[in-house]
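Let's take a walk through a protein structure together, beginning with the whole and then stopping at a strand and a helix.

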Amino acid sequence: GKNKRLMPVAYNQQQAGLWKAVVNKDPKNADAWLNYYTASRNAYVVGQEGETPDSRGSQRFARFDSIVNAMEDHVPGTFEYDLVKWANGYNDPSLLSYLEKAHALAPQRPEPYMALIVVYERMGKDSLRDALCKAYLQLRDFSPGLLSYGYNLLKGSQPNAVLFTHGDKDSEAIWLIQHGMGIREDVQLLNLDLLLEKDYRERVFHSMNVPQLSYDPLSSDADFSHYQKQIIAHVATALPGRPVYVSLSAVGPYTQPIADALHLIGLAYRYSTAPFDPLPELIDNYVERYALYNLTHPAEEKGDISIDNVHQFNANYLPSLFAITDHYAESGDEAAAEKFKAIAQQVAADADRSDEFAAHFKK
């Protein structure tokens with residue numbers, strides 16, 4: 001598979017120019033059209049796009065409609081055209097038939113799988129989602145490092161927990177592990193981006209007995225900001241009997257307003273407004289629950305198609321690795337302290353965060 005990472009803007013712009021020259025010369029080259037579209041879109045996402053509600057709707061990529069229209073003229077009915085027609089609508093449900101056609105035309109191509117899994121998750125079509133999770137894992141296209149990360153996020157959650165994530169990579173790994181492998185299906189995953197969508201949110205909240213929101217987060221910047229500040233507390237308050245976790249992938253606008261209630265237990269925070277000592281749970285995760293093989297054997301990750309993503313996500317281990325190393329150092333268990341310090345050093349080096357490691361242990 002192609003390496004799944006977003007390269008710098010200049011690289012993507014250069015690639016877009018090169019592929020545009022190919023399609024100009026050979027307009028029937030469907031693969032070149034797909035590469036031209038992908039590079040153009042990546043250049044925009046990496047370079048110009050901001051974090052605003054406008055960048056979430058189906059018009060997010062309307063600027064690339066001309067490429068899609070040219071593909072319809074020159075390579076209609078191909079896997080590449082159907083895939084791009086769907087992708088450019090950015091989750092517009094009226095375009096789902098194109099994504100399903102692309103998958104039917106080339107079931108061995110990995111590109112449609114994750115998009116279809118997310119669509120079926122959003123629509124509540126659980127049996128279709130589960131079948132695709134199993135089939136996609138058989139292709140061995142998804143990053144082993146990200147699967148390991150998702151596995152540890154799940155394993156570090158208490159039974160019947162609610163786990164908030166943000167963005168796609170850790171959520172995708174968790175769906176594959178839960179619905180493709182049948183591991184820790186007791187954990188309710190709540191993706192903060194998906195919960196912005198009214199139909200999805202209302203169905204999930206109904207199934208969990210969580211009160212519906214009295215406003216639409218996507219109706220204005222102010223409502224979007226209000227959603228970010230209060231959504232985690234809204235769910236946690238409605239479920240006093242369930243452990244609630246927030247993945248370290250959740251960004252500041254979601255976590256800063258509730259910082260006092262977030263307690264670091266590893267790759268996630270445990271949400272608790274009552275006094276809570278995270279250390280026992282943190283130690284338990286690293287000693288009993290987490291699979292640390294991927295962190296201690298980085299040489300074996302070389303074939304991972306998402307290695308850059310893996311290293312950036314693995315940097316989320318650092319705060320808790322520092323905490324557990326300090327704990328063992330203070331309690332006099334030097335062997336354990338050295339073990340976790342060595343893992344932290346490797347993780348920091350892989351993620352280009354060695355300065356953080358040095359700053360912490362210089363104390």
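Here is a short tour, from the overall form down to single residues.

Keep in mind as we go that this is a predicted model. Its secondary structure consists of 18 helices and five strands. How far does the chain spread in space? Along its principal axes, the C-alpha trace of the protein spans about 70 × 50 × 35 Å. A compact globule of 363 residues would have a radius of gyration near 21 Å, and the protein has 22 Å, so the two agree.

Now for the inside and the outside. Of the 363 residues, 51% count as buried, where buried means under 20% relative accessible area. The accessible surface comes to about 17000 Å², and carbon and sulfur atoms account for 51% of that area. If you look at contacts between residues at least 6 apart in sequence, 62% of them join residues at least 24 apart. As for charge, the protein carries 34 positive and 47 negative side chains, and the centres of these two sets lie 3 Å apart.

Let's stop at strand E3, which covers residues 244–247. Which of its residues point which way? Val244 and Val246 point one way, Tyr245 and Ser247 point the other way, and all of them are buried. E3 has a parallel partner in strand E1 (residues 162–165), and three bridges join the pair. In this pairing, Val162 stands opposite Val244 of E3. E3 also pairs with strand E5 (residues 268–271), this time in the antiparallel sense and over four bridges. There, Val246 of E3 stands opposite Tyr269 of E5.

Our next stop is helix H6, which runs over residues 111–123. Why can we call H6 largely enclosed by the rest of the structure? The reason is that 10 of its 13 residues are buried. Among these buried residues are Pro112, Met114, Leu116 and Ile117, as well as Val118 and Val119. Two tyrosines, Tyr113 and Tyr120, are buried in H6 too, and so are Glu121 and Arg122.

What covers these buried residues of H6? The cover includes helix H4 (79–88) and helix H5 (96–105), which come before H6 in the numbering, together with helix H7 (126–139), helix H9 (169–181) and helix H10 (198–208). To leave the helix, follow the chain on to Gly124, which comes after H6 and has a positive phi, near 75°.

Notes
Residues are numbered from 1 along each chain as its sequence is written. This is a predicted model: local features need pLDDT of at least 70, side-chain atom pairs count only at pLDDT 80 or more; totals for chains, interfaces and linings use all residues. Side-chain values use heavy atoms; hydrogens and water are left out. The radius of gyration is taken over C-alpha atoms; the globule rule is 2.2 Å times the number of residues to the power 0.38. Buried means under 20% relative accessible area, exposed over 50%, partly exposed in between (1.4 Å probe, protein chains only). Contact means heavy atoms within 4.5 Å. Accessible areas come from the Shrake-Rupley method with a 1.4 Å probe; for residues, only the protein chains shown count as cover. Lys and Arg count as positive and Asp and Glu as negative; His and the chain ends are not counted. The place of a charge is taken as NZ of Lys, CZ of Arg, CG of Asp or CD of Glu. Two strands pair if DSSP finds at least two bridges between them.
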